[in-house]
Amino acid sequence: MSDMTARFAEIVGRHNLLTGDAIPEDYWHDEVLTKPPQRPAYVAKPTSAEAVSQLLKAASDNNVPVTARGSGTGLSGAAIPRSDGLLISFERMNAVLEVDTTNQVAVVQPGVTLTELDAATADTGLRYMVHPGELSSSVGGNVGTNAGGMNAVKYGIARQNVLGLQAALPTGELIRTGGKIAKISTGYDLTQLIVGSEGTLALATEVTVKLHPRLDHNAAVLAPFADFDQVMAAVPKIVGSGLAPYILEYIDNVTMAALVHTQNLELGVPDNVRDSCDAYLVVALENRTAARLDEDVEKAGELLAELGAVDAYVLEGGSARKLIEAREKAFWTLKAVGADDLIDTVVPRGAMPKFLSAARGLAAAAGGAAAGCGHAGDGNVHLAIFCQDPDTRKKLMTDIFALAMELGGAISGEHGLGRAKTPYYLELEDPVKVDLMRRIKRSFDPAGILNPDVLFAGA
C-alpha cells in the first residue's frame with residue numbers, strides 16, 4: 001500500500017477508498033461527448049465535511065490533483081479525474097439535514113439528488129425549483145456548475161437559489177458562507193464566488209437552498225410557428241405579458257421530430273401543421289387554482305395567435321408532463337442520433353434570432369448542421385453540432401462562441417466550461433479577466449490541486 005493510499009484510507013476507511021482496477025468505469029467520466037474517460041488513481045467516499053477537509057489537506061501537501069463528483073451527469077467534462085489524481089465522490093454525503101418551512105429553506109449535503117430533495121419536501125407544500133433536466137443530478141453539482149434548467153425563466157438559476165454553504169478549502173479549513181438569510185451586504189459574497197466555480201476553488205460540503213411554494217395546477221401550451229424568427233420575436237412579448245410562465249422553451253422542428261419519434265409523443269398536432277412549421281414554443285403555466293390557470297391558458301393562446309402561431313395546443317396532466325420530460329431528455333435524444341458536440345451558449349433574449357440564424361449559417365458553411373432547443377425565456381441556447389471532422393468542428397465551435405460573445409453573451413449558460421470548453425474560453429476571453437481569476441484561484445488553492453484542467457488548463 002502506497003503512502004497516499006494509506007493516508008486516504010485512514011481518513012475515509014479502507015472500504016471507502018478504491019484504487020487501481022477496483023475503480024469502476026462509472027467514476028472515469030461524466031456525460032461529455034468529446035473527452036475520453038480516465039481512471040483516477042484513487043476514489044474516496046467521505047461521509048463528513050471534516051473528512052473532505054482532511055482529504056484536501058493531504059492532497060495539497062502531496063500535490064495530488066482532486067476532482068469532485070456528484071452524480072456524474074455533467075455535460076462539459078468537469079468531473080473527469082486526472083489519472084494521477086483523487087476523485088472525491090459525494091455519494092455517501094446524501095442526507096437532507098433540515099427542511100425549514102418557516103424560512104422556506106432546506107439544508108442538505110452535496111450528494112443529495114434532486115429526486116431525493118423533492119421527495120423530502122413533498123409534504124411541506126414547498127420545493128427546490130432548480131431543475132437542470134436530469135433529476136438524478138446532485139445539489140452539489142448544481143452548486144459547482146451554477147445549474148439552470150427550464151424553470152429558470154421564473155425561479156432563477158442556482159445562484160439565485162443557493163443561500164449558503166459550508167465549504168472545504170484545499171488548505172484544510174472549513175468555512176461557512178451565507179445561511180438562512182435572503183440578502184447580505186457584509187464583505188465579499190463568498191457563496192456566489194464558489195457557486196459556478198466547477199470545483200476549482202472549494203468543495204461544498206453542505207448547501208442551504210431556497211424553497212418555493214408548490215403550485216398544484218399546471219398546463220402547457222404548445223404553439224407551432226411557420227417561421228423561426230416569429231418564435232424568437234414572440235418570446236419577449238410573452239415574458240412581458242404578466243403570465244409568468246415557469247417554462248418558456250423553443251424547440252426547432254428537427255429536434256421536435258426526433259423527440260416525437262424517440263419518446264413516442266402524442267401531441268395532437270396535425271401532419272400538415274407539423275410539416276409546415278419551423279419551430280415550436282412551449283409555454284408552461286402554473287397557478288394555485290384551476291380557474292386561474294384556465295384564465296391564464298386562454299390568455300396565452302390568444303397572445304400566441306396574435307404573435308403569429310399557426311395554432312395553440314393545450315396539454316394538461318400526463319400530456320404536458322410527457323412533453324416536458326421529453327424536452328428534458330433532449331440531450332439523450334440528440335446524442336442517440338449522432339451529435340458530435342453540444343453548445344449551451346447564452347445571449348441576450350433580443351439577440352437570439354440573430355445568433356441562431358448566424359450559428360446555423362456557420363454550421364452549414366462548415367458542411368455540418370446545428371439543431372436544438374433552449375430556454376427561450378433567458379436566452380440559453382442548446383445546440384447539437386453535427387460535424388464529424390475534429391479540426392473543422394473546432395473552428396466551427398470557436399466561431400459560434402465568438403459570435404455569442406460579440407452579441408453580449410457567454411460560452412456557457414449552465415453546463416459550465418469543464419475540460420471540454422476551457423480551451424475556447426482561454427482563447428476568446430479577455431486575458432485581464434482570466435488573469436484576475438487565476439489570482440483568485442491561487443488565493444483559494446495555493447497548491448493548484450482542485451480540478452486543474454478546468455478554467456485554467458493546469459495553470
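User: Hi, new to this one. Which residues are buried in α15?
Analyst: This is a predicted model, to say that up front. In α15 the buried residues are Arg 393, Leu 396, Met 397, Thr 398, Ile 400, Phe 401, Ala 402, Leu 403 and Ala 404.

User: What covers them?
Analyst: The cover over the buried residues of α15 includes β16, α14 (352-365), β18 and α16 (418-428).

User: And how far does α15 reach from its first C-alpha to its last?
Analyst: It reaches 24 Å with 17 residues, close to the 24 Å expected at 1.5 Å a residue. Just after α15 comes Gly 408, which takes a positive phi of about 90 degrees.

User: OK, sheets now. What's the strand order in the open sheet with seven strands?
Analyst: The order is β15-β12-β14-β13-β17-β18-β16, and the pairing is antiparallel. At the edges sit β15 (313-316) and β16 (341-343), each of which pairs on one side only. On average, neighbouring strands of this sheet are turned by 20 degrees against each other, direction ignored. Helix α15 (residues 390-406) packs on this sheet, where it touches β16 and β18. The direction of α15 makes about 5 degrees with that of β16.

User: Let's look at β13. How many of its residues are buried?
Analyst: Six of its six, so to speak the whole run 247-252, and the strand is described as mostly covered.

User: Which way do the β13 side chains point?
Analyst: Ile 247, Glu 249 and Ile 251 point one way, while Leu 248, Tyr 250 and Asp 252 point the other way, and all are buried. That fits a general pattern: in a regular strand, side chains alternate between the two faces of the sheet.

User: How many bridges does β13 make with β14?
Analyst: Six bridges, with β13 and β14 (residues 279-287) paired in the antiparallel sense. One of the matches is Ile 251, whose bridge partner in β14 is Tyr 280.

User: And how many join β13 to β17?
Analyst: Three bridges join β13 to β17 (residues 369-375), and these two strands run antiparallel. Here Glu 249 stands opposite His 375 in β17.

User: What about β17 and β18, how many bridges there?
Analyst: Seven, and again the strands run antiparallel, with β18 covering residues 380-386. Ala 369 has Phe 386 as its bridge partner in β18.

User: Where does Pro 224 lie?
Analyst: Pro 224 lies in strand β12 (residues 217-225).

User: Is Pro 224 buried or exposed?
Analyst: Buried, with a relative accessible area of 0%. Because the cut-off for buried is under 20%, Pro 224 at 0% qualifies.

User: What does Pro 224 touch?
Analyst: Not counting residues up to four places away in sequence, Pro 224 touches Val 273, Cys 277, Ala 279, Tyr 280, Ala 309, Val 310, Asp 311 and Tyr 313. Also, the C-alpha atoms of Pro 224 and Asp 278 are separated by 7.5 Å, and these residues are 54 apart along the chain.

User: Switching to rings. How many aromatic pairs does the structure hold?
Analyst: Four. One of them is Phe 8 with Tyr 42: the ring centres are 5.1 Å apart and the planes are at 80 degrees, so this pair is edge-to-face.

User: Where in the chain are Phe 8 and Tyr 42?
Analyst: In distant parts, which the pair links: Phe 8 is in helix α1 (residues 3-12) and Tyr 42 in strand β2 (residues 42-44), 34 residues apart. Both Phe 8 and Tyr 42 are buried.

User: Which ring does the charged end of Arg 360 sit over?
Analyst: The ring of Phe 228, with the charged end 4.4 Å from the ring's centre.

User: What about Thr 333, which helix is that in?
Analyst: Thr 333 is found in α13 (residues 330-336). Thr 333 is buried, with a relative accessible area of 3%. Leaving aside neighbours within four places in sequence, its contacts are Ala 258, Leu 259, Thr 262 and Gln 263.

User: Last one: what's the order in the open sheet of five strands?
Analyst: That order is β5-β6-β10-β8-β9, with antiparallel pairing. The edge strands are β5 (96-100) and β9 (174-178), each pairing on one side only. Neighbouring strands of this sheet are turned by 10 degrees against each other on average, direction ignored. Between β5 and β6 (residues 105-108) there are four bridges in the antiparallel sense, and Val 96 stands opposite Val 108 in β6. Helix α3 (residues 114-121) packs on this sheet, touching β5, β6 and β10 (203-210).

Conventions
Residues numbered from 1 in each chain as written. Predicted model: local features only at pLDDT ≥ 70, side-chain atom pairs only at ≥ 80, totals over all residues. Heavy atoms only, no water. Buried < 20%, exposed > 50% of the residue type's maximum accessible area, 1.4 Å probe, protein only. Pairing = 2+ DSSP bridges. Axes fitted to C-alpha atoms, helices over the stretch in contact; angles between N-to-C directions. Contact = heavy atoms within 4.5 Å. Phe/Tyr/Trp six-rings, centres within 6.5 Å; stacked < 30°, edge-to-face > 60°. Lys NZ or Arg CZ within 6 Å of the ring centre and 35° of its normal. Expected span 1.5 Å × (residues − 1).
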